[in-house]
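Here is a walk through one protein model, starting from a single residue and moving outwards. Keep the sequence and the 3D view side by side as you read.

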Amino acid sequence: MPQLFVTPPGLAREIVKRAQVEGKVVLEPSAGLGALARECIAQNAMGVYLVEQASACCEALRAAGFFPTQGAFLILAPPQLYERIVMNPPFADGADIDHVTCAFERWLAPGGWLVAIMAVGVKFRQDRKTTAFRALVEEHGEMEDLPEDAFESSGTSVRTVIVTLNK
């Protein structure tokens, strides 16, 4: 299985609560083991569409009753646009920016909301991609720090933020 840091249950509840998924069909790209998808169901989402690249994660998702699409999220064609997207994308080498930007631009319906967990570096890195991403957040949403120990139960001390975007 790839390097995977599962969204802790309390944080999954908070992300999904912010997305207000009740009665909505929700996208969870880079679904991992489906922590956010499970919480979407618990908060009365109408349905959850999952995308995951790792075959071992897809097998685990199927065993849990989900029907993930296996593939690389960044190159897949959206089967539809989604009113809500919740995500904990990969962080390595700025992949979180690529995933959130792709989700916002290609998968989110007009009027939709995206709530994502991202590495704290999006707040201060000065490369072109990161500064462009901060401009997107400034225009369409907000960014909020998470507690330093938000992922401790998942085996990492990576610092994170919540990014909320409205289209």
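In this predicted model, E52 is buried but forms no salt bridge. The nearest side chain of opposite charge belongs to R62, and that is 10 Å away. A salt bridge needs the two charged groups within 4 Å. What does the side chain of E52 reach instead? It reaches the backbone nitrogen of G32, at 2.6 Å.

E52 is part of strand β2. Setting aside neighbours within four places in sequence, its contacts include S30, A31 and G32, as well as T69, Q70 and G71. C57, C58 and L61 are also among the residues that E52 contacts.

Those last three residues lead to helix α3, which spans residues 55–63. C57, C58 and L61 are the buried residues of α3. They lie on the same side of the helix because they cover an arc of only 100° around its axis. Strands β2 (47–52) and β3 (69–70) are among the elements that cover these buried residues. On the face of α3 turned away from the buried side are the exposed residues E59 and A63. After α3 comes G65, with a positive phi near 95°.

Now turn to the nonpolar cores. In soluble globular proteins, nonpolar side chains tend to be buried together. The largest nonpolar core here has 24 residues, and those touching the most other members are I85, V100, W107, L114, M118, F133 and L165. At least two residues each come from β4, α4, β5, α5 and β7. Helix α4 supplies the largest share, 6 residues. A second, separate core has 21 residues, including V26, A37, V115 and I117.

Note on methods: Residues are numbered from 1 along each chain as its sequence is written. This is a predicted model: local features need pLDDT of at least 70, side-chain atom pairs count only at pLDDT 80 or more; totals for chains, interfaces and linings use all residues. Side-chain values use heavy atoms; hydrogens and water are left out. Buried means under 20% relative accessible area, exposed over 50%, partly exposed in between (1.4 Å probe, protein chains only). Helices (H or I, at least four residues) and strands (E, at least two) are DSSP runs, numbered from the N terminus. The arc is that of the directions from the helix axis to the C-beta atoms. Contact means heavy atoms within 4.5 Å. Lys and Arg count as positive and Asp and Glu as negative; His and the chain ends are not counted. A polar contact is a pair of N or O atoms within 3.5 Å; within protein, one must be able to donate a hydrogen and the other to accept it, and residues adjacent in sequence count only if both atoms are side-chain atoms. A nonpolar core is a set of buried Ala, Val, Leu, Ile, Met, Phe, Trp, Tyr and Cys residues joined through side-chain atoms within 4.5 Å.
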